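Me: I want to go through the labels on this model one at a time. For each, set the value against the definition.

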Amino acid sequence: MRVIHWFRRDLRVHDNPALQRACRIGDEVIGLVVLHPSTIDRTKQLPRRLRFLLLQIEALKDSLARIGGRLVLRYGLPEHAVPNVVQEWGAKWVTWNEDIEHTDSDRDERIRQSLSAMGCYSGIEQDQYLVPLSVLKASRKEPIQTFEVFYKVWRTHLSEASSSSGEPAPEPLKAGRTISPKSDPFPISTQFHVASDKALPPPGEQPAIRRLERWIEILATPPSPQPAEKRVSPSAAVSSGISPYLRFGVLSIRQCMDAARPLLNQRAREMTRTAAELWVARLARREYYNYLFFHFPRVMQEPFNIELSTIRWETNQAHLTAWKEGKTGYPIVDAAMRQMAIEGYAPQWAREIAAHFYIKDLMLDWRQGMNIFYSLMLDADMANNVGNWQRVASFTPDADPFWRVPNPARFSREMDPSGEYIRRYVPELVRLPKEYVHEPWTLPHRGQTALRFFVGQDYPVPIVSHDQRREEIIRRYRTASHSE
Ligand SMILES: Cc1cc2nc3c(=O)[nH]c(=O)nc-3n(C[C@H](O)[C@H](O)[C@H](O)COP(=O)(O)OP(=O)(O)OC[C@H]3O[C@@H](n4cnc5c(N)ncnc54)[C@H](O)[C@@H]3O)c2cc1C
């Protein structure tokens, strides 16, 4: 029997529940990817993300070919493309993994019904979460709101449903042997001329797994505590860099958990265990924001804490452009924004300070900032993006109180004590000693002359005064919270 597996956010053959189901049911499995016109339109303005996606699809095609399968690519609305492919190939089953992100929540159900009307079965599996949303939903009458409670409940369910199969999709995936490759009307390489790109994480499952393994090695050997001055730049040390792979399902979340599990063992060193626990909590946070997004989809448009929806935001094109281009005069913010523009990635703490500055210092509308992040990131994901923006804006129950407004220069000294991160992304500041690299405007005129570096000429004067803006934003939040 011929079965179609529809790849969505699961661009891998390893540990792929719906693909494995397809292989159990069928003796011929054909992989299908449907490029939605809105994805292409959206990503056309974001060439890096589109390239990353297409390179992953190419790599998937190769992975499938290695186990005797083939991949078919279609461009169009899935409502039309999936039934068309079923008809074309005479398939009796279609399998896919669930995805809560796409905005039309009934779409998959409509596709299931039209397949059923054609006499074709659908096999749908859960893939994206360590603890499926349905399990969490069943455990509570009312949705959980705080991360603290979520994490406790999530941990209690973790052991039941979180191991990867560890195996590639089993053979037989015979379609590649029985159908001429010439019949594929949509070869990726000729349609898109995708070239490899060194600025992107290397495509494919093996590089993703290697990145995860390297990270686990780092976690397993935490450095002995260092004075701040000697710390390795956090940009290099504090996170795994796997998020773009997780976003497109090149790596499964169960593979991540399985890799971390031995480090949580009682026999592991205490520092290792603590580091691994913290990392698992980050994996949980990803599921928490998906859970919130699922239960409260209104958060795309309005604050989770609805009281704060009356905050007055500013419209200031010059500030918006300066922020987006990394020219605010606050080096840590500028470095973060430039890293995102160059690499489509920034570690958590860098995104955090850039978003804080946008909301609390520039007082611009958080929804616009959120969309800009979405357009820049390789790992852009609605639930995680909106959840984090809501938290930074002090809207969600897990957020810091609104009056805690981080001072960018202090934050910078804490996270990048030597200034290495700043100098990497803001080359104008490369000659500045570490005493001034966080606040170039404090460099006395004599020093500027000696370095032939002039604030206002070689690097912007801060576009706002943090101290003044801090007072103003706190006042606005207070007014909004009392206005109900
Ligand atoms: C304003 C803002 C917007 C963000 N937008 C996104 C987004 O669109 N997509 C996205 O995947 N992450 C987003 N994050 C969360 C976080 O910054 C990234 O997941 C993380 O930096 C990815 O790097 P990593 O894989 O090295 O993370 P690691 O620290 O190694 O963590 C491993 C994985 O855990 C998950 N994770 C870690 N921290 C968070 C978090 N705070 N929230 C949700 N998941 C987390 C991610 O899947 C990540 O890949 C955002 C954070 C902020 C502050």
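Reply: Start with residue classes. Ala, Val, Leu, Ile, Met, Phe, Trp, Tyr, Cys and Pro count as nonpolar, Asp, Glu, Lys and Arg as charged, and the others, Gly among them, as polar. On that scheme the shell around the ligand holds twelve nonpolar, eight polar and seven charged residues. This is a predicted model, in which local features need pLDDT of at least 70, side-chain atom pairs count only at pLDDT 80 or more, and totals for chains, interfaces and linings use all residues. Residues are numbered from 1 along each chain as its sequence is written, and side-chain values use heavy atoms, with hydrogens and water left out.

Me: What makes a residue near the ligand, and which come nearest?

Reply: One of its heavy atoms must lie within 4 Å. The shell has 27 residues, and S240, G241, R282, Y345 and Q348 come nearest.

Me: Why is the ligand said to lie between domain 2 and domain 3?

Reply: Both domain 2 (128–169 + 205–295) and domain 3 (306–482) give residues to the shell, so the ligand lies between them. The domain bounds come from an automatic or database domain assignment.

Me: Which helix supplies the largest share of the shell?

Reply: α14, with six residues. Helices here are DSSP runs of H or I, at least four residues, and strands are runs of E, at least two, numbered from the N terminus. α12 (243–247), α14 (270–295), α17 (348–361) and α19 (382–392) each supply at least two shell residues.

Me: What makes the pair D379 and R351 a polar contact?

Reply: The term needs a pair of N or O atoms within 3.5 Å; within protein, one must be able to donate a hydrogen and the other to accept it, and residues adjacent in sequence count only if both atoms are side-chain atoms. The side chains of D379 and R351 make such a contact at 2.7 Å.

Me: Is D379 called buried or exposed, and why?

Reply: Buried means under 20% relative accessible area, exposed over 50%, partly exposed in between (1.4 Å probe, protein chains only). D379 has 11%, so it counts as buried. D379 sits in the loop between α18 (366–376) and α19.

Me: Why is M363 called buried?

Reply: Its relative accessible area is 0%, so the label applies. M363 lies in the loop between α17 and α18. Its phi is near 55 degrees, a positive value in a residue other than glycine.

Me: How many disulfides does a search of the whole structure find?

Reply: Zero. A disulfide requires a pair of cysteine sulfur atoms within 2.5 Å.
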